[in-house]
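Q: Please take a close look at one loop residue of this model and the parts of the chain that follow from there. I would like the surroundings described as well, including any enclosed or open spaces.

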Amino acid sequence: MSKLRVQSFTISLDGYGAGPNQDLNNPLGVRGPELMEWLFQTRLFSKMHGQGVGGETGIDNSMAEQGFAGVGAWILGRNMFGPVRGPWPDHNWKGWWGDEPPYHTPVFVLTHHPRPPLKMAGGTEFRFVTEGIHAALEQAAAAAGGRDVRLGGGVSTIRQYLQAGLIDELHLAVRPVLLGSGEHLLTGIDARALGYECVKSIAGERATHVFLRKQ
């Protein structure tokens, strides 16, 4: 049966999954890139961005690679797709990733504003869902063909699925940085009461990888 997984989602030591003031110039928010330093150094990141065979092959890289194994579809919040807010002014924005995004599967984007599906190179197809988180999960699970669905974020989207008890597994990469402000992942959420337990923790080169599972 298909599972809903959060993989390689990074939070700061004080619990923020994005910095403040996200916009076109700061897609991760101010100081947000500090969260992703563990990923930027990996061979997987280098490969995904056409940088050849450079990058490190240690624990962080292994954790990142596991996040793509067995995934047949993705779900993203609209802010993860781009900086456009409100009704789509046109269809020119096609994501942050260029002509060939790294997903290579159907990607279901949560939005309040309809938009036709968008096919990209490499097998990625963005499908825009206006009926809410349950509809997006149902459609993604069907498209995944028995494989898992990866929930890519952002913070608000993960919080919605977490509060609804729909996430089966969470892999959080905890970075030893303090952001002080931004979007907090777990504020007001009692993960234990929702049935989640920490099942393992692995120290990587630049992040500690914490795995939660719904019991």
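A: In this predicted model, Ala193 sits in the loop that lies between strand E9 (183-184) and E10. Its relative accessible area is 64%. Since the cut-off for exposed is over 50%, Ala193 therefore counts as exposed.

The strand on one side of that loop, E10 (residues 196-203), runs antiparallel to strand E11 (residues 208-214), and 7 bridges join the two. The connection between E10 and E11 is a hairpin through 4 residues. As an example of the register, Ile202 is placed opposite His209 in E11.

E10 and E11 also take part in covering helix H3. Helix H3 spans residues 59-66, and Asp60, Asn61, Met63 and Ala64 are buried in it. These residues lie on the same side of H3, because the arc they cover around the axis is only 160°. Besides E10 and E11, what covers the buried residues of H3 includes strand E1 (4-12), helix H1 (37-40), H2 and strand E8 (169-175).

H2, one of the elements covering the buried residues of H3, leads to the second largest pocket. Helix H2 (residues 43-48) supplies 4 residues to the lining of this pocket, the largest share. The lining of the second largest pocket has 15 residues in total, and those nearest its centre are Leu44, Lys47, Met48, His49 and Pro102. By class, the lining of the pocket consists of 8 nonpolar, 3 polar and 4 charged residues. The volume of the second largest pocket is about 310 Å³.

The enclosed space is a separate matter. Searching the whole structure for cavities of 30 Å³ or more gives 1 cavity. The largest cavity has a volume of about 50 Å³. Its lining is made up of Gln22, Asp23, Pro27, Asn79, Gly82, Pro83, Arg85 and Trp96. Sorted by class, the lining of the largest cavity has 3 nonpolar, 3 polar and 2 charged residues.

Pro83 offers a way back to the starting point. Pro83 belongs to the lining of the largest cavity, and its C-alpha atom is separated by 34 Å from that of Ala193. Along the chain, Ala193 and Pro83 are 110 residues apart.

How values were computed: Residues numbered from 1 in each chain as written. Predicted model: local features only at pLDDT ≥ 70, side-chain atom pairs only at ≥ 80, totals over all residues. Heavy atoms only, no water. 1 Å grid on protein atoms, 1.4 Å probe; cavity = no way out; pocket = protein on both sides within 12 Å on 5 of 7 lines; lining within 4 Å. Points joined across faces, edges and corners; volume = space filled by probe spheres on them. Nonpolar A, V, L, I, M, F, W, Y, C, P; charged D, E, K, R; others polar. Pairing = 2+ DSSP bridges. Buried < 20%, exposed > 50% of the residue type's maximum accessible area, 1.4 Å probe, protein only. Arc of directions from axis to C-beta. Contact = heavy atoms within 4.5 Å.
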